[in-house]
Amino acid sequence: MPFLGEVFGEGGSYQFKASSSQSVEMERALLEKGKREPSINLLEAFVEHWKGITHYYIESTDENTPAKKTDIPWRLKQMLDILVYEERQQVSAGEAGPCLEYLLQHRILETLCTLGRAEYPPGMRQQVLQFFSRVLAQVQHPLLHYLSIHRPVQKLLQLGGTVPGSLTEKEEVQFTTVLCSKIQQDPDLLTYILEGKRIVSRKKASREPSTLPRAAASVGDKDRPHSKTPDPGPCGARAWTTQLPAETEEPDGGTGESNLVTCLIGLCRSKKSRVALKARENLLLLVSVASQAAATYLVQSSPCCLVIVEHLCQLYQSMPTFLDPADIATLEGISWRLPSAPSDEASFPGKEALAAFLGWFDYCDHLVTEAHPVVADALAKAVAEKLFVEILQPQLLHVSEQSILTSTALLTAMLRQLCSPALLREAVTFLLGPDQQAAALEDSPYTLCSHLIGHCDHLSDEISIATLRLFEELLQKPHEQIIRSLILCNLEGRPYVARGSPEPESYEDTLDLEEDPYYFTDGLVDSGFQPPAKPPPAPATNSDGKTAVTEIVNSFLCLVPEEAKTSAFLEETGYDTYVHDAYGLFQECSSRVAPWGWPQSLTPLDPHEPERPFFEGHFLRMLFDRMSRILEQPYSLNLQVTSVLSRLALFPHPHIHEYLLDPYINLAPGCRSLFSVLVRVIGDLMQRIQRVPQFPGKLLLVRKQLMGQVPGEQLDHQTLLQGVVVLEEFCKELAAIAFVKFPPHGPHLRLSPAPEGHV
């Protein structure tokens with residue numbers, strides 16, 4: 001019986017005329033009636049619709065008519081409706097009905113997949129993708145376990161994401177959404193969807209009829225009256241598939257070729273923002289599978305991690321070889337959900353490429369955070385190996401200053417975005433190495449960390465500032481190895497404290513300032529400048545041996561001589577302007593290090609233990625050296641050096657507090673602390689200011705210039721004057737940090753400290 005709507009025009013060509021619309025409507029009415037009247041055989045209707053599709057290919061010669069202008073979309077919709085309706089009428093849940101059994105046995109999806117690959121008629125791939133998606137989403141019976149289902153699914157995935165800007169991107173991403181949702185519900189499906197030619201070939205001897213469950217077959221036999229299953233006949237699907245190309249055989253792609261993962265990666269690159277976002281969400285759903293076995297399979301038997309990281313490396317290498325660190329900083333906060341560069345920011349060469357890279361890196365970080373631990377570790381290691389070691393490390397160690405500057409600024413931007421523990425662990429190991437032993441002065445500086453510390457004291461101020469920013473960003477990350485490798489491993493056992501000597505009776509006995517040639521110089525009195533007021537008597541100590549916070553605060557506030565202070569002339573209240581900021585930063589730092597179980601008190605000294613040589617470590621030595629040159633360094637560099645030291649001083653470890661913030665420690669011979677470095681800087685300052693005429697007036701003018709109160713103009717000794725301003729503010733900042741770490745009246749912060757110079 002010919003199906004409704006079939007007519008033949010001149011020359012025997014297969015056509016659909018406008019007059020056939022009434023027949024189509026009649027058939028639709030019959031189908032609806034069949035849904036209401038069980039006497040209508042659903043299987044016959046299902047087969048007739050399928051035969052109608054195959055007849056089109058046998059008899060049509062028009063290759064230009066779009067698929068949507070034929071009756072193929074409508075027939076596919078009717079086949080879907082029949083499958084869904086049949087399933088709802090099933091008495092026993094989980095059993096395959098006759099129509100579903102027919103779809104499986106006759107490999108209808110395999111045939112449709114071939115038609116979609118051939119794109120005949122034009123737009124057929126879109127129709128096939130929609131039908132696959134709807135069948136998998138609406139039919140509740142498990143389907144993807146069947147060979148005749150997951151094999152065409154694999155073939156169809158090989159077509160997805162391969163052509164940027166494809167007309168079927170919307171349908172492709174809908175198809176992958178259904179697959180990822182199914183895998184999320186049943187992780188065992190992952191092996192069926194990702195398997196390649198090698199696995200399929202093992203099933204070659206086992207053809208589809210044997211894949212049907214016994215119960216489904218029995219139901220099918222029972223529901224066929226007199227066992228009269230409609231035969232597709234010579235023009236049916238089985239006979240017609242013999243004329244199709246060899247594409248219906250085993251899939252071409254192995255595990256290393258196109259599959260669900262590579263399809264999703266291709267869709268993630270789409271210019272259509274909604275398609276790209278949905279593809280990323282689907283990939284995120286895929287890597288977060290709960291099953292250990294599925295996660296292991298995803299890592300070991302699929303190119304998942306590799307293709308994700310390869311795309312990251314491609315985006316990195318597509319950026320210009322030189323980018324201004326200031327331009328990189330303007331794109332902070334790029335999110336993988338909105339990876340495009342903000343339109344309100346100033347444009348610069350490489351802006352879009354930089355935004356794309358930072359957006360994908362943020363996405364990789366999010367993947368590692370949300371993925372199964374097995375996938376997360378593998379992906380983090382792949383990022384470290386392919387991006388950090390193979391690409392970034394040669395650039396960081398390059399002799400070209402442009403290469404060092406750009407790669408350092410990009411690494412800083414990546415660290416700022418990095419949140420996942422696994423990727424942070426790999427980044428820390430890459431930057432600092434696995435070794436946490438205390439560094440020795442004679443250690444060979446061949447490690448990446450040693451090179452980076454050396455870059456902080458580079459001849460190029462730009463490279464020094466960029467690398468100091470990198471370390472400052474690193475110090476804000478929640479990983480104990482960072483602070484332990486850079487600082488704590490050298491302070492263990494407190495070797496910086498003199499052994500066997502009694503506690504000093506007065507502050508001047510501790511520092512021997514009167515014997516320090518850098519502190520007092522000849523001619524100070526004659527020049528009219530006076531040294532700082534004499535330090536107070538011996539500091540009070542608490543029961544735990546800590547110096548009272550009031551003594552520490554006053555020591556830092558009184559360190560800069562009055563002649564070198566200018567904040568009072570601008571109606572500033574002193575160090576209290578830093579207290580609020582210091583309190584917030586200290587609370588943030590304390591919460592970050594709380595899980596590390598740091599001690600609350602200093603390690604007791606063994607008076608009988610012999611002194612051992614103390615080396616503060618390469619990092620602190622570099623910072624102290626930089627700090628000692630504060631009066632001769634550029635303003636921006638001084639700001640960065642003091643910013644890093646302030647970050648270090650905030651850490652609530654007793655050894656860090658003692659070494660960086662306690663002016664009264666009895667240092668071992670040859671040792672220096674932050675306070676002793678500052679004392680020598682003040683001594684140097686007292687010598688230099690004698691050679692600057694009208695020093696107080698010029699210093700005040702420079703301060704107003706830095707605050708933007710007066711126009712900037714070049715002055716003599718401007719670097720020195722700017723260094724003095726930074727020095728004064730840094731001492732106030734250290735006083736504020738000491739105050740918030742150990743408030744004098746209990747553990748809670750007193751937000752209204754006394755005026756400058758007193759507590």
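## A walk around a predicted model

Setting aside neighbours within four places in sequence, H717 is in contact with R691 and V692. Keep in mind that this is a predicted model. How far apart are H717 and V692 in sequence and in space? They are 25 residues apart in sequence and 7.5 Å apart in space, going from C-alpha to C-alpha. H717 itself sits in the loop between helix 33 (695–706) and helix 34 (718–741). Its relative accessibility is 38%, so H717 counts as partly exposed.

**Charged pairs**

Let's turn to salt bridges. Side chains of opposite charge can pair when their charged atoms come close. How many salt bridges does the count come to here? The answer is 26. Here are three of them:

| Pair | Closest N to O |
|---|---|
| E110 and R151 | 2.5 Å |
| E110 and K155 | 3.2 Å |
| R688 and E632 | 2.8 Å |

Start with E110, which shows up in a salt bridge with R151 and in another with K155. The E110 and R151 pair links distant parts of the chain, with E110 in helix 5 and R151 in helix 7 (residues 147–157), 41 residues apart. The E110 and K155 pair also links distant parts: E110 is in helix 5 and K155 in helix 7, 45 residues apart.

Are E110 and R151 buried or exposed? Both are buried. For E110, the relative accessibility is 4%, and buried means under 20%, so E110 makes the cut. K155 has a relative accessible area of 1%, so K155 is buried too.

Now for R688 and E632, whose closest N and O atoms are 2.8 Å apart. R688 lies in helix 32 (residues 674–688), while E632 lies in the loop between helix 29 (618–628) and helix 30 (635–650), so this salt bridge ties together parts that are 56 residues apart in sequence. Why does E632 count as partly exposed? Because its relative accessibility is 46%, and partly exposed runs between 20% and 50%.

Salt bridges can be found in a network here as well: R703, E728, E729 and K732 are linked in one.

**A patch of negative charge**

Some charged residues gather in another way. Which residues form a patch of negative charge on the surface? They are D324, E401, D461 and E462. Take E401 from that group: its place is in helix 20 (residues 401–417). With 43% relative accessibility, E401 counts as partly exposed.

**Backbone oddities**

Most residues other than glycine have a negative phi, and most peptide bonds are trans. With that in mind, look at a few places along the backbone.

R107 has a positive phi, near 50 degrees, and is a residue other than glycine. You'll find R107 in the loop between helix 4 (98–105) and helix 5. R107 is partly exposed, because its relative accessible area is 32%.

R494 has a positive phi as well, near 55 degrees. R494 is placed in the loop between helix 24 (480–491) and helix 25 (507–511). Is R494 buried or exposed? R494 is buried, because its relative accessible area is 9%.

Finally, what is the peptide bond from Y120 to P121 like, cis or trans? That bond is cis, with omega near -5 degrees. P121 belongs to the loop between helix 5 (108–118) and helix 6 (124–138).

How values were computed
Residues are numbered from 1 along each chain as its sequence is written. This is a predicted model: local features need pLDDT of at least 70, side-chain atom pairs count only at pLDDT 80 or more; totals for chains, interfaces and linings use all residues. Side-chain values use heavy atoms; hydrogens and water are left out. Patches are made of residues with over 30% relative accessible area and no salt bridge: like charges are joined within 9 Å, nonpolar side chains (Val, Leu, Ile, Met, Phe, Trp, Tyr) within 5 Å. Accessible areas come from the Shrake-Rupley method with a 1.4 Å probe; for residues, only the protein chains shown count as cover. A salt bridge is a side-chain nitrogen of Lys or Arg within 4 Å of a carboxyl oxygen of Asp or Glu. Lys and Arg count as positive and Asp and Glu as negative; His and the chain ends are not counted. The place of a charge is taken as NZ of Lys, CZ of Arg, CG of Asp or CD of Glu. Helices (H or I, at least four residues) and strands (E, at least two) are DSSP runs, numbered from the N terminus. Buried means under 20% relative accessible area, exposed over 50%, partly exposed in between (1.4 Å probe, protein chains only). Contact means heavy atoms within 4.5 Å.
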